[in-house]
Amino acid sequence: ERGRSGEVLAGNKPTSPVQFLENGMRFTADVIHGQKTGFFLDQRDNRALVRRLSRGRRVLNLFSFNGGFSVAAGLGSAKHVTSVDIAEPAIEAANSHWVDNGLAVESHRGVAVDVFDFLESSQQPKQTWDLVICDPPSFAPSESTKSTALAAYARLAQLAAKATASGGLLALASCSSHVDHGDFINCNAEALGNAR
């Protein structure tokens, strides 16, 4: 439920973010006041994949939240990683997680701005990245918003494709339960075709 804090079922209530490891990467999560669990564990395998694919690449992590994909890319020997999220606290956490994992500060740039605005502005002058990761929040909180969500996913896919270097990799994700796999694939395929 939006705005509701987590509850403690056993033990003492944490007074600071909880530290944990995921595939050797160091993270923290605010399990009481953070979004959902404070960390999106369902993307663990995808973060491991990004780590394997990042060597020597310039990486753009859109809707970066607290930098899970960014850290994975950094530890995978990415040349440089840019994390973009509209929430300043999310970018602060991404920067902190980057440093906590022993990564060079100059190899990461955190940008607190609307992702759509960032992508629009990156077209003049044209900026591209070798690996673009796009894992937005749910665009369809209800069945009635599904068509609006599909339009937003399509626009996002087009903008993200334009930010992906020729021969680069683009990873698109959806956590909208009201947008099924087939609709998401079709929406993105059409959008990427339009983006050429």
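The following exercises, with worked solutions, concern one helix and a group of strands in a predicted model.

**Exercise 1.** Determine how the span of helix H6 relates to the expected value.

*Solution.* Step 1: helix H6 covers residues 181-195, which gives 15 residues. Step 2: the expected span is calculated at 1.5 Å a residue, and this yields 21 Å. Step 3: the distance from the first C-alpha of H6 to the last is 21 Å, close to that expectation.

**Exercise 2.** Establish which residues of H6 are buried, and explain why they line one face of the helix.

*Solution.* Step 1: a residue counts as buried when its relative accessible area is under 20% and as exposed when that area is over 50%. Step 2: by this criterion, Phe184, Cys187, Asn188, Ala191 and Ala195 are the buried residues in H6. Step 3: viewed down the axis of H6, the buried residues lie within an arc of 90 degrees, and therefore they line one face of the helix. Step 4: Asn186 and Glu190, on the other side of H6, are exposed. Step 5: the cover over the buried residues of H6 includes helix H5 (146-162) and strand S7 (164-172).

**Exercise 3.** Describe what is found at the start of H6 and just after H6.

*Solution.* Step 1: at the start, aspartate 180 places a side-chain oxygen within 3.2 Å of the backbone nitrogen of glycine 182. Step 2: just after the helix, arginine 196 adopts a positive phi of about 55 degrees.

**Exercise 4.** Identify the strands that pair with strand S3, and name residues that stand opposite each other.

*Solution.* Step 1: S3 (residues 58-62) pairs with S4 in the parallel sense, over five bridges. Step 2: in this pairing, arginine 58 stands opposite histidine 80, and asparagine 61 stands opposite serine 83. Step 3: S3 is also joined to strand S6 (residues 129-134) by four bridges, and these two strands run parallel. Step 4: valine 59 has leucine 131 in S6 as its bridge partner. Step 5: S3 is mostly covered, with four of its five residues buried.

**Exercise 5.** Trace the chain from S3 through S4 to S5, and state the handedness of each unit.

*Solution.* Step 1: S3, helix H2 (residues 68-75) and S4 form a β-α-β unit that is right-handed. Step 2: from S4 the chain passes through helix H3 (residues 88-100) to S5, in a β-α-β crossover that is also right-handed. Step 3: S4 and S5 (residues 108-112) pair in the parallel sense over five bridges, with valine 84 opposite valine 111. Step 4: S4 (residues 80-85) is mostly covered, since five of its six residues are buried.

Methods. Residues numbered from 1 in each chain as written. Predicted model: local features only at pLDDT ≥ 70, side-chain atom pairs only at ≥ 80, totals over all residues. Heavy atoms only, no water. Expected span 1.5 Å × (residues − 1). Buried < 20%, exposed > 50% of the residue type's maximum accessible area, 1.4 Å probe, protein only. Arc of directions from axis to C-beta. Contact = heavy atoms within 4.5 Å. Polar contact = N/O pair within 3.5 Å; in protein donor to acceptor, adjacent residues only side chain to side chain. Pairing = 2+ DSSP bridges. Right-handed = clockwise from strand over helix to strand, strands pointing away.
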